[in-house]
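Here is a short tour of one protein model, written for someone who likes to know which side chains talk to which. Have the viewer open and follow along.

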Amino acid sequence: MDAVPREVETAVVGAGLMGSAAAWALARRGRSAALFEQYPIGHRAGSSHGSARIVRRAYADPLHVRLTGRAMELWREAEERSGRALLRMTGGLDHGRSGVGEIAAVLEAQGLPHELLDPAEAERRWPGMRFEGRVLFHPEAGTVDADGAVAAFTALARAGGCSVHPETPVRRIAVDGDRVRLETAAGTVRARRAVVAAGAWAAGLLGGLVPLPELAVTQQQVFHFPRRGLAADAPTAVHHTADPVVYSLPGGRDGGPGDGRKIAEYRDPLGAPVTPDTRSGAVDPRARERVADYVRRWLPGLDPEPFNEATCLYTSTADEEFVLDRSGPVVVCSPCSGHGAKFAPLVGESAADLAGGGPPLSPRFALNAPRG
């Protein structure tokens, strides 16, 4: 384990996707940095674990589409520099009675490749899936290995001179003029800047220190289903008029030797607010049954009995936007409202820019942005 410095230019708190990406970005710039994590690197207590998260360019919002372009460039750079395969490009599908046309219009305006299909054509092309409404296919989509990304970012950061401190909780952050003091399990660390990428723990560390918007933490659930006809590399899919929205994707390592399909609801409608300390970690059987019923109706190429299930935390703002801004010497890096994994290296790059005095990525991500 690296020796904990007493002084450092930038301290990064939280070694999930966003924090480890920020540490790598700082190291790329030759900045003195230290990365602190309360658990072992790659832990499963927060929001950054698992072998498959969706990456895609498709949004009904031009800003997010543009940002995904830079994020994709950085994902490729991370793969090249680390020697690890992080992306699995399968293409992506969006379908439903609403929302699809708006996404297609933005992709068209941005000059990104896509096709609009009717359900019958889509079902011929991808046996084992059923569709409703218009079906949008976009090739620049797939999955990212979140566990692999955290490992790659952390290794690249360390190779660039960032010290890494797992199992070293930051218990308190205080601002001393234009500097920051961190009280850690290994003693006090002073820094010119602190990048706080603590996800569900952010409010506890930053409440009263910076003007945080209201953050809601919920426990979400994911399931893996055996394939019995659906191709392993079938595109990721988002069903917009399911209630709630349901997404599916190749499961990677978590899908087992048969590469089972990962299915989840975007925001469990029965999910109650939790904290990292009060979350149960247990899957709600009502969610399991809802998702299994969905599979029976819309994914006949899967066995409708899940063989693997897990929980994770979402930390969200009222408008489902990111929080990425600086207040004095403290950079607030995310939360990302359940859709930030695809942007991780870009969020890290922006956090490093903010720590160096650069401008925010977007006014919409500001601490004082109107939300709701």
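Is Arg-29 buried, partly exposed or exposed? With a relative accessibility of 33%, Arg-29 counts as partly exposed. Please keep in mind throughout that this is a predicted model.

**Salt bridges**

Arg-29 is a good place to start, as the side chain of Arg-29 meets that of Asp-353 in a salt bridge, with N and O 2.6 Å apart. Asp-353 belongs to helix H8 (residues 344-355) while Arg-29 sits in the loop between helix H1 (17-28) and strand E2 (33-36), so this pair ties together parts that are 324 residues apart in sequence. Like its partner, Asp-353 is partly exposed, and its relative accessible area is 29%. As general background, side chains of opposite charge can pair when their charged atoms come close.

The model has 33 salt bridges when a side-chain nitrogen of Lys or Arg must lie within 4 Å of a carboxyl oxygen of Asp or Glu. Three of them are set out here.

| Pair | N to O distance | Sequence separation |
|---|---|---|
| Asp-353 and Arg-29 | 2.6 Å | 324 residues |
| Asp-147 and Arg-44 | 3.0 Å | 103 residues |
| Glu-73 and Arg-70 | 3.0 Å | three residues |

The second pair, Asp-147 with Arg-44, also links distant parts of the chain: Asp-147 is in helix H5 (residues 146-159), and Arg-44 is in the loop between E2 and E3. Arg-44 is partly exposed at 45% relative accessibility.

The third pair is a local one within helix H2 (residues 62-82), where Glu-73 and Arg-70 are separated by about one helical turn. Both are partly exposed: Glu-73 has a relative accessibility of 48%, and Arg-70 has a relative accessible area of 32%. Elsewhere, salt bridges with shared partners join Arg-44, Asp-145, Asp-147, Arg-253 and Asp-254 into one network.

**A buried arginine without a salt bridge**

Now for a contrasting case. Arg-193 lies in strand E12 (residues 187-196). Arg-193 is buried but has no salt bridge. The nearest side chain of opposite charge is that of Asp-178, 6.3 Å away, and a salt bridge needs the nitrogen and oxygen within 4 Å, so this pair does not qualify. What does the side chain of Arg-193 reach at 3.2 Å? The answer is the backbone oxygen of Ala-355. Leaving aside residues up to four places away in sequence, Arg-193 touches Glu-9, Thr-10, Ala-11, Asp-178, Val-180, Arg-326, Pro-329 and Ala-355.

**A three-stranded sheet**

Finally, take a look at an open sheet of three strands, which runs in the order E3-E8-E4 with antiparallel pairing. Strands E3 (53-56) and E4 (87-89) stand at the edges with a single partner strand each, so one side of each has no neighbour in the sheet. On average, neighbouring strands of this sheet are turned by 30° against each other, direction ignored.

How many bridges join E3 and E8? The antiparallel pairing of E3 with strand E8 (residues 141-144) runs over four bridges, whereas E4 and E8 pair over three. On the E3 side, Val-55 has Gly-142 of E8 as its bridge partner, and Arg-53 stands opposite Val-144 in E8. From E4, Leu-87 also stands opposite Val-144. Val-144 is therefore a handy residue to select when viewing this sheet, with Arg-53 and Leu-87 opposite, given that E8 pairs with both E3 and E4.

Key. Residues are numbered from 1 along each chain as its sequence is written. This is a predicted model: local features need pLDDT of at least 70, side-chain atom pairs count only at pLDDT 80 or more; totals for chains, interfaces and linings use all residues. Side-chain values use heavy atoms; hydrogens and water are left out. Two strands pair if DSSP finds at least two bridges between them. Helices (H or I, at least four residues) and strands (E, at least two) are DSSP runs, numbered from the N terminus. Axes are lines fitted to C-alpha atoms, for helices over the stretch in contact, and angles run from 0 to 180 degrees between N-to-C directions. Buried means under 20% relative accessible area, exposed over 50%, partly exposed in between (1.4 Å probe, protein chains only). Lys and Arg count as positive and Asp and Glu as negative; His and the chain ends are not counted. A polar contact is a pair of N or O atoms within 3.5 Å; within protein, one must be able to donate a hydrogen and the other to accept it, and residues adjacent in sequence count only if both atoms are side-chain atoms. Contact means heavy atoms within 4.5 Å.
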